[in-house]
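Trainee: Could you walk me through a close look at one part of this model, the way two helices meet, and then show me what else is worth a look around it?

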Amino acid sequence: MNTVIETILNHRSIRHYEDRPLSDEQIRLIVESAQAAATSHFVQAYTILGIQDPGRKQRLAELTGNRHVGTCGHLLIFCADLHKHALAAEMEGVDAQDTLETTEKFMVALIDTALAAQNAALAAESMGLGICYVGGLRNRLPEVAELLKIPQYVLPLFAMTIGYPADPSAKKPRMAAEHIYFEDEYPADERLLRDLKEYNETVSQYYTKRTDGKRNDTWTGQMAQFFKEPSRVFMKEFVERQGFDKK
């Protein structure tokens, strides 16, 4: 055990922040920490947009449906970005369109962005700050793209609110390690079903205690509802419009 692992294991989403901005130094260190993440073939296929303008933050709060987007100390937008690589190819006289539009390079950009974001989250939390990933950025993605002047081969993936926690939330119980980590081969469904039943008991006890008996949700119940109806069905068309995942 060390302070890094303690910080990782103490993670919880923070949605209520003090009215207190981050310093320029904090922002710089968070961004530099994001940049220190592993990146496929030195591609660095992401861009981070820091939203300073109050009016733009409030508009993003409306578009995401998340109030804390407008009230956090600082807001970051993480974008998968191959636009710079299109420019690099143009500078070198290379036609890279067929490669840029492949599923493989789309996955590279997604993975690079996610790795950078998690480094940023860990850096912020190590400073005593709280963070929350906001997938709601994709609720009205065409309007987000217009607001942020997003060019071809760039895809906003999620926002991250950062700030000083005003009302820290409880830590939700994750699956036990033995429900996630398996050696040599993927487990049989019989094993998985047993694990899910055990996890349901843990999650139900968590909600019962947290709400004084008003809720006793199970994890499989929540997931069944989450996956019952498709959401953001415009996404494939928008992704392809931006030049990603076309081949």
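Mentor: Sure, and let's start with what an axis is here: a line fitted to C-alpha atoms, for helices over the stretch in contact, with angles running from 0 to 180 degrees between N-to-C directions. Keep in mind that this is a predicted model, where local features need pLDDT of at least 70 and side-chain atom pairs count only at pLDDT 80 or more, while totals for chains, interfaces and linings use all residues. Residues are numbered from 1 along each chain as its sequence is written, and side-chain values use heavy atoms, with hydrogens and water left out.

Now find α10 (residues 189–210) and α11 (residues 219–226), whose axes come within 7 Å and cross at roughly 95°. Helices are DSSP runs of H or I with at least four residues, strands are E runs of at least two, and both are numbered from the N terminus. The two helices, α10 and α11, are therefore roughly perpendicular (65 to 115 degrees) to each other. Who actually meets whom? On the α10 side you'll see Leu196, Tyr199, Asn200, Val203 and Tyr207, and they meet Trp219, Thr220 and Gln222 of α11; contact means heavy atoms within 4.5 Å.

Next, slide over to α2, residues 24–35. At 1.5 Å a residue, its 12 residues should span 16 Å (1.5 Å times one less than the number of residues), and the end C-alpha atoms sit 17 Å apart, which agrees. Gln26, Ile27, Ile30 and Ala34 of α2 are buried, meaning under 20% relative accessible area, against over 50% for exposed and partly exposed in between (1.4 Å probe, protein chains only). Look down the axis of α2 and these buried residues fall within an arc of 100°, so they line one face of the helix; that arc is taken from the directions from the helix axis to the C-beta atoms. Here's the background: an α-helix has 3.6 residues a turn, so residues three or four places apart point the same way. The cover over the buried residues of α2 includes β1 (46–51), β2 (74–81), α7 (103–126) and β4 (154–163).

Since α7 has come up, pick out Leu115, which sits in that helix. Leu115 is partly exposed at 37% relative accessibility. Leaving aside residues up to four places away in sequence, Leu115 touches Ala37 and Ala38.

Last stop, the cysteines: there are 0 disulfides (pairs of cysteine sulfur atoms within 2.5 Å). The sulfur of Cys72 is 9.8 Å from the closest cysteine sulfur, in Cys132, which is too far for a bond. Cys79 is in no disulfide either, with the nearest cysteine sulfur, that of Cys72, 15 Å away. Cys72 is buried at 5% relative accessible area, and Cys79 counts as buried at 1%.

Conventions: Parallel < 35°, antiparallel > 145°, perpendicular 65-115°, else oblique.
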